[in-house]
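Got the model open in your viewer? Here's a short walk through it, one selection at a time.

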Amino acid sequence: MSLSIQEQVSLRSYNTLAIDVAARFFVAVQSLEQLQAALAWAEQREIAVLLLGGGSNLVLTADLNALVIHLQLRGIQVLSEDADFAQVEVQAGENWHDFVQWSLAQGLSGLENLSLIPGNVGAAPVQNIGAYGAELKDHLDSVLVLDRYTGQIQRLSNEQCQFAYRDSLFKRESGRRVILSVIFKLPKHAALQLDYGHLRSYLAEQQVQQPTAQDVSRAVCAIRAEKLPDPKQLANAGSFFKNPVISAEHAQQLQENYPNIVSFAQADGQVKLAAGWLIEHAGWKGVRQGDAGVHTKQALVLVNYGGASGQQILELAGQIQADIKQRFAVELEIEPNVITG
Ligand code: EPU
């Protein structure tokens, strides 16, 4: 198996925050065999490995003394179908939004609320991507992985993936499993989720009477485009912090002091706060330090205006975390993966 391993490759165009660090070694793999050969190459030389998909949830903070493996496995296959559902296997290197559009064009629904999320299919299970009241786990059947500890290929059920809010087994045991493909069970009869935020009112404003999954997808794209910067135009990694979950008592206290605070009661009695609201109300929205900034339209998104380093982005994030802790006694957790070299 011949591999084309390059040396000293800039990763700037491989991460949506456009951080300019170099990988000591870099290889693109298009098949399982190439992936296995690349992993073996690194193991023989005792070189660390970083697996890279769309690079949309990463903060790179230093040059990497590692082999960066860019996963480019492609293909979409309908495994089975009946009158109600289709089971579809998608290879890890497919672009997420393109796959969502493909599924809608086949008359399959379930993924419309997740339209326009940047990144590749293989990264989607890691943080259980979510938007507008839907999460990846809602329609995921199973995930095919290569376990680097055992060398085995395994199919993990939805339950085995231990999905939670922006969390999964893959995030908790980071580096152990390479996601090869994701298998979805997608309904042919749409059960639309319109209850989050402005979705229903947006559709009403557009005079869409009986929305289809395609209409919902178009609405989600339009709403996202208003607030979330397109990484091709303004580099960013989506939400930089998770929305924090706090106790009901703490939330009540905050509500007394800040009557307009945005919060969502959780099934377990705890309360999720909109971190974007906290950050905006602490005065950070639109703040810029060098080329690192807080987006002017969505305070939960940090942006790189051009030449910011990962350290500069993290420095800004650290100031925000300290300020939010001091003002509201709330800890903000960084959402993307921070890679330290
Ligand atoms: N808000 C503010 N100021 C801001 C931003 C938000 O007051 O600057 C308020 C909004 O007015 C709204 C509430 O906070 O009442 C929630 O805002 P929004 O609907 O924009 O969503 P979010 O909670 O900030 C989450 C996800 C996004 C996802 C949106 C829509 C997380 C960490 N983020 O953001 O996901 O697109 O909901 O469903 O859960 C991502 O994970 O990278 C991401 C973009």
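Start by selecting strands S1 (6-10) and S2 (22-29): they run antiparallel and are joined by four bridges. Click on Ser10, and you'll find that its bridge partner in S2 is Ala22. A word on labels: strands are DSSP E runs of at least two residues, helices are H or I runs of at least four, and both are numbered from the N terminus. Two strands count as paired if DSSP finds at least two bridges between them.

Before going on, note that this is a predicted model, where local features need pLDDT of at least 70 and side-chain atom pairs count only at pLDDT 80 or more, while totals for chains, interfaces and linings use all residues. Residues are numbered from 1 along each chain as its sequence is written, and side-chain values use heavy atoms, leaving out hydrogens and water.

Now widen the selection to the sheet around S1 and S2. Its four strands go in the order S1-S2-S5-S3, an open sheet with mixed pairing. Why do S1 and S3 (48-52) each have one side without a neighbour in the sheet? They stand at the edges with a single partner strand each, so there's nothing next to them on the other side. Neighbouring strands here are turned by 45° against each other on average, direction ignored; the axes are lines fitted to C-alpha atoms, and in general such angles run from 0 to 180 degrees between N-to-C directions.

Next stop: the other sheet. Select S6, S7, S12, S10 and S11, which line up in that order as an open, antiparallel sheet. S6 (76-81) and S11 are the edge strands, each with a single partner, so one side of each is left without a neighbour in the sheet. The twist averages 20° from one strand to the next.

Zoom in on S10 (residues 140-147) and S11 (residues 153-157), an antiparallel pair with five bridges. In this pair, Val143 has Leu156 as its bridge partner in S11. The two strands make a hairpin with five residues between them, and Gly151 in the turn has a positive phi of about 80°. Then look from S10 to S12 (residues 177-187): seven bridges connect them, again antiparallel, with Leu146 partnered by Val178 in S12.

Last, select the ligand and show everything near it, meaning residues with a heavy atom within 4 Å. You should get 22 residues, and the closest are Tyr132, Tyr165, Glu280, Gln298 and Ala299.

Which side-chain contacts are worth a click?

- Glu280: an N or O atom of its side chain is 2.6 Å from a ligand nitrogen.
- Gln298: a polar side-chain atom sits 2.8 Å from a ligand oxygen.
- Arg166: a side-chain N or O atom is 2.9 Å from a ligand oxygen.

Polar contacts here are pairs of N or O atoms within 3.5 Å. The ligand taken alone exposes 810 Å², and the protein buries 83% of that (Shrake-Rupley method, 1.4 Å probe).

To finish, colour helix H7 (275-281): with three residues, H7 gives the most to the shell around the ligand.

Technical notes:
Polar contact = N/O pair within 3.5 Å; in protein donor to acceptor, adjacent residues only side chain to side chain.
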